[in-house]
Amino acid sequence: DYSFAIRLEPDNGSYYCSRGLCLAKMLRWDIAIEDLETAITLDPHPFHHYTKATVLADCLKDDLAITEYDKMLNLENVNTDLRLRAMYRRAL
């Protein structure tokens, strides 16, 4: 469904983020990370950075995950809940 949505709106970063999450659940890490990078490029929303960092941590790329959490935490428009979740995940 997200692939179809991307064909309809190829500039919507949220669709790439959602498809990346689905791919991560299927353990297709490399493709998931590519989609999340595309999501960040199209729409550098803090949640997209958080999602990418979480997927990187889940596939045991801890150094890259920490770097991505740091990028997210340095953004200005991060709400308190997401900031606290990122700080917690980064500490893990």
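A residue counts as buried here when its relative accessible area is under 20%, as exposed when that area is over 50%, and as partly exposed in between (1.4 Å probe, protein chains only). By that yardstick helix H4 is mostly covered, with 11 of its 13 residues buried. Helices (H or I, at least four residues) are DSSP runs, numbered from the N terminus. This is a predicted model, in which local features need pLDDT of at least 70 and side-chain atom pairs count only at pLDDT 80 or more, while totals for chains, interfaces and linings use all residues. Residues are numbered from 1 along each chain as its sequence is written, and side-chain values use heavy atoms, with hydrogens and water left out.

Helix H4 takes in residues 46-58. The expected span of a helix is 1.5 Å times one less than its number of residues. For the 13 residues of H4 that works out at 18 Å, and the end C-alpha atoms are indeed 18 Å apart, so the two values agree. The buried set in H4 starts with Pro46 and goes on through His48, His49, Tyr50, Thr51, Lys52, Ala53, Thr54, Val55, Leu56 and Ala57. What lies over them? The cover includes helix H2 (13-25), helix H3 (29-42), helix H5 (62-73) and helix H6 (80-91). Just past the end of H4, Leu60 takes a positive phi of about 65°.

Next comes the packing of the helices. Two packed helices are described by the angle between their axes and the distance between the axes. Axes are lines fitted to C-alpha atoms, for helices over the stretch in contact, and angles run from 0 to 180 degrees between N-to-C directions. H4 and H5 pack at about 165°, their axes 8 Å apart. That makes H4 roughly antiparallel to H5, a label for angles over 145 degrees (under 35 is roughly parallel, 65 to 115 roughly perpendicular and the rest oblique). H4 passes H5 in a left-handed crossing, meaning that the near helix is turned anticlockwise from the far one by less than a right angle (clockwise would be right-handed). On the H4 side, Pro46, His49, Tyr50, Lys52, Ala53, Thr54, Leu56 and Ala57 meet Asp62, Leu64, Ala65, Glu68, Tyr69, Lys71 and Met72 of H5, where contact means heavy atoms within 4.5 Å. These residues divide into 9 nonpolar, 2 polar and 4 charged (Ala, Val, Leu, Ile, Met, Phe, Trp, Tyr, Cys and Pro count as nonpolar, Asp, Glu, Lys and Arg as charged, and the others, Gly among them, as polar).

H5 also packs on H6, at an angle of about 155° and with the axes 10 Å apart. The pair is therefore roughly antiparallel, and its crossing is left-handed. H5 brings Ile66, Tyr69, Asp70, Met72 and Leu73 to this contact, and H6 brings Leu82, Arg83, Ala86, Met87, Arg89 and Arg90. The split here is 7 nonpolar, no polar and 4 charged.

A few single residues round off the picture. Asp35 sits in helix H3 and counts as buried because its relative accessibility is 5%. Leaving aside neighbours within four places in sequence, Asp35 is in contact with Tyr16, Arg19, Gly20 and Leu23. Thr38, also found in H3, is partly exposed at 29%. Thr38 and Gly13 are 25 residues apart in sequence and 6.9 Å apart in space, C-alpha to C-alpha.

Methods. Helices (H or I, at least four residues) and strands (E, at least two) are DSSP runs, numbered from the N terminus.
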